[in-house]
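Trainee: I would like to go through this model and ask what stands behind each word used for it.
Mentor: Go ahead, one term at a time.

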Amino acid sequence: MSRFTNPSVFPSFYELPSTSDPSAPSDKTWYLLAQIKENMTITKPTLIVTDRKGVDFALLFEDSISLKGFRKGHVIFVPGARRTDREGEGKKAVVHVPVGQGADVKVIPGSLERVFELGVVLEGQEGMSQRCAACGKMEGAFMKCTGCSFTAYCGKDCQVKGWGEMDHKSNCKVLKVLRDISV
Ligand SMILES: [Zn+2]
Ligand SMILES: [Zn+2]
């Protein structure tokens with residue numbers, strides 16, 4: 001199974017371990033991925049984000065980090081995120097990013113759907129024999145895209161076609177970040 005389809009590696013909001021759960025694991029072997037919906041910063045840096053199941057929740061940073069570059073529609077990646085359930089009617093659960101961990105949060109420049117899609121592709125093809133991403137050719141020499149170092153082409157023409165016509169330019173940055181944060 002791909003880790004991207006495994007809810008214990010990439011849980012949705014309600015699948016996250018709760019901060020009040022004593023049996024929750026202490027190692028950070030899971031990662032929250034959610035799409036940025038709104039920047040709601042008043043005092044502390046705060047984002048409203050949407051998880052893979054369409055649930056909206058607030059992500060609050062205890063560090064005073066800058067949210068410049070955290071663009072609407074892009075995806076945040078939070079290692080070991082925990083959900084804080086709050087007592088009382090109408091009080092919604094949130095995710096706090098503790099002091100000192102703000103810098104571990106990364107932004108992936110693509111939609112949540114695309115990130116999961118490409119995550120599965122990336123894992124499925126890692127280490128496999130090469131194949132031109134544009135024409136499908138499987139023999140001969142290949143050149144890898146210099147942006148993501150993942151997608152391979154049989155030649156310059158296919159690279160140009162892949163970048164423009166087949167829209168690799170939208171996927172390239174997502175693949176690059178996914179490879180950088182490869183877990
Ligand atoms: Zn080709
Ligand atoms: Zn690329």
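**Two zinc sites and a sheet**

Mentor: The zinc ion (ligand 1) has as its protein donors Cys132 (SG), Cys135 (SG), Cys154 (SG) and Cys158 (SG), which lie 2.3 Å from it. This is a predicted model, in which local features need pLDDT of at least 70, side-chain atom pairs count only at pLDDT 80 or more, and totals for chains, interfaces and linings use all residues. Residues are numbered from 1 along each chain as its sequence is written, chains are lettered from A and ligands numbered from 1 in the order in which they are written, and side-chain values use heavy atoms, with hydrogens and water left out.

Trainee: What makes these atoms donors of the zinc ion (ligand 1)?
Mentor: Donors are N, O and S atoms within 2.8 Å of the metal (3.2 Å for Na, K and Ca); water is not among the atoms, so sites may look incomplete. The four SG atoms lie 2.3 Å from the zinc ion (ligand 1), so they count as donors.

Trainee: Why is the arrangement around the zinc ion (ligand 1) called tetrahedral?
Mentor: Four donors count as tetrahedral if all angles lie between 85 and 135 degrees; four count as square planar and six as octahedral if opposite donors are over 155 degrees apart and all others between 65 and 115, and anything else is irregular. Around the zinc ion (ligand 1) the angles are 104 to 116°, so the arrangement is tetrahedral.

Trainee: What are the donors of the zinc ion (ligand 2)?
Mentor: They are Cys145 (SG), Cys148 (SG), His168 (NE2) and Cys172 (SG), at 2.1 to 2.4 Å. The angles among these four donor atoms are 103 to 120°, and this site is tetrahedral. Along the chain the spacing is C-x2-C-x19-H-x3-C. Cys148, in the loop between β8 and β9, and His168, in helix α3, are 20 residues apart, and the pair links distant parts of the chain.

Trainee: Why is His168 called buried?
Mentor: Buried means under 20% relative accessible area, exposed over 50%, and partly exposed in between (1.4 Å probe, protein chains only). His168 has 6% relative accessibility, so it counts as buried. Cys148, with 3%, is buried. Cys158, at 13%, counts as buried, whereas Cys135, with 46%, is partly exposed.

Trainee: How do you know that the length of helix α3 (residues 168-180) agrees with expectation?
Mentor: Helices (H or I, at least four residues) and strands (E, at least two) are DSSP runs, numbered from the N terminus. The expected span of a helix is 1.5 Å times one less than its number of residues. For the 13 residues of α3 that gives 18 Å, and the end C-alpha atoms are 18 Å apart, so the two agree.

Trainee: What makes β5 and β7 edge strands?
Mentor: Two strands pair if DSSP finds at least two bridges between them. The open sheet has seven strands in the order β5-β6-β3-β2-β1-β4-β7, with mixed pairing. β5 and β7 each pair on one side only, and they are the edge strands. Strand β5 (residues 83-84) pairs with β6 in the antiparallel sense over two bridges, whereas β3 (residues 56-61) and β6 (residues 94-97) run parallel, joined by four bridges.
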